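Please open the structure in the viewer and keep the sequence panel visible. The tour begins with the whole chain and then moves to a single residue and its surroundings.

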Amino acid sequence: MVTRLTAVMTDGPCEPDGVTGLRWAAVGNAAALGQAAAAFCRRHGCDVLPDVHRGHSWARACVTAPALLRAVTAMIGPNVAVESSLLVVKRPECPYVVPAHQDGINDRIVLDPARSVAVWLALSDVGETAGCLQVAAGSHRAGYKPYRRETTGCDLHLAVRDPARFVFTKLPVTAGAAIALDVRTVHRSATNRGPVPRIALNIRYVAPGAVHLRRREPLPVLDVICGNSWSSPPPPRQGRA
Ligand SMILES: O=C(O)CCC(=O)C(=O)O
């Protein structure tokens, strides 16, 4: 049985708009971590890296930044794990558009919006020219949307089917800023038309019981960051959220 996409209609951690701005690091510290990330990507010839928090100290430093964890625990409680992370480096010379999408749903899982939050971290200054995040405020209230597959370069995105019905607001920020999103908030970003790489890390934080499986598969690996209620998490519900 497949999870009904509109099933999760609860309030999330970023009411009322489904978007909360915060600062996770000083500009210089964030930019230094961004340079480490960009150097790694240059060496390995890649611009998009999934689950970087597992293997790289600079990424671990980002996902565990004290100011960030204070905000995340205030939103979803003291037990926090990372469900996934994604580093995106948009080089100026490479067109890279992230289509309008929601972070809390894919073919395998649906996240409970009351027990999860998506956080986008700026590791460089990300102004309008650099392709800043664009969010559809309040879009979370209508729940999860049907999606379709859309490819950017070699990367697959699960784009909402009806992006034209949303009104997007551009959110230019400096390095060290973060934008927390309800996992149902529709968001997108454009190509970097500035002169330097635009570096950002997307993180999905979850509390126990947040991850609901859409298929009969093992629960994804969760990287526990804090809290002591992870030894016996409630079993994930199968079939519907
Ligand atoms: O870095 C970006 O521009 C957005 C990426 C994003 O929204 C995502 O990976 O969920």
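Begin with the entire chain, bearing in mind that the model is predicted. Of its 241 residues, 54% are buried. Colour by secondary structure next: three helices and 15 strands are present. The radius of gyration is 17 Å, close to the 18 Å given by the globule rule for 241 residues, so the chain is as compact as a globular protein of that length. Aligned on its principal axes, the C-alpha trace extends over about 45 × 40 × 35 Å.

With contacts displayed, consider those with a sequence separation of 6 or more: residues 24 or more positions apart account for 87% of them.

Switch to a surface representation. The accessible surface amounts to about 10600 Å², and carbon and sulfur atoms contribute 56% of that area. Select the charged residues as well: the chain carries 28 positive and 18 negative charges, whose mean positions lie 3 Å apart.

Now select Asn192, in the loop that joins strand E12 (187-189) to strand E13 (198-206). Is Asn192 buried or exposed? Its relative accessibility is 1%, so Asn192 counts as buried, the cut-off being under 20%.

Show the side chain of Asn192 together with the backbone of the loop. A polar atom of this side chain lies 2.8 Å from the backbone nitrogen of Gly194. The side chain of Asn192 also reaches the backbone oxygen of Val196, at 2.8 Å.

Finally, extend the selection beyond the neighbours within four places in sequence. Asn192 is there in contact with Lys90, Arg91 and Pro92, with Thr129, Ala130 and Gly131, and with Pro197 and Arg198.

Note on methods
Residues are numbered from 1 along each chain as its sequence is written. This is a predicted model: local features need pLDDT of at least 70, side-chain atom pairs count only at pLDDT 80 or more; totals for chains, interfaces and linings use all residues. Side-chain values use heavy atoms; hydrogens and water are left out. Helices (H or I, at least four residues) and strands (E, at least two) are DSSP runs, numbered from the N terminus. The radius of gyration is taken over C-alpha atoms; the globule rule is 2.2 Å times the number of residues to the power 0.38. Buried means under 20% relative accessible area, exposed over 50%, partly exposed in between (1.4 Å probe, protein chains only). Contact means heavy atoms within 4.5 Å. Accessible areas come from the Shrake-Rupley method with a 1.4 Å probe; for residues, only the protein chains shown count as cover. Lys and Arg count as positive and Asp and Glu as negative; His and the chain ends are not counted. The place of a charge is taken as NZ of Lys, CZ of Arg, CG of Asp or CD of Glu. A polar contact is a pair of N or O atoms within 3.5 Å; within protein, one must be able to donate a hydrogen and the other to accept it, and residues adjacent in sequence count only if both atoms are side-chain atoms.
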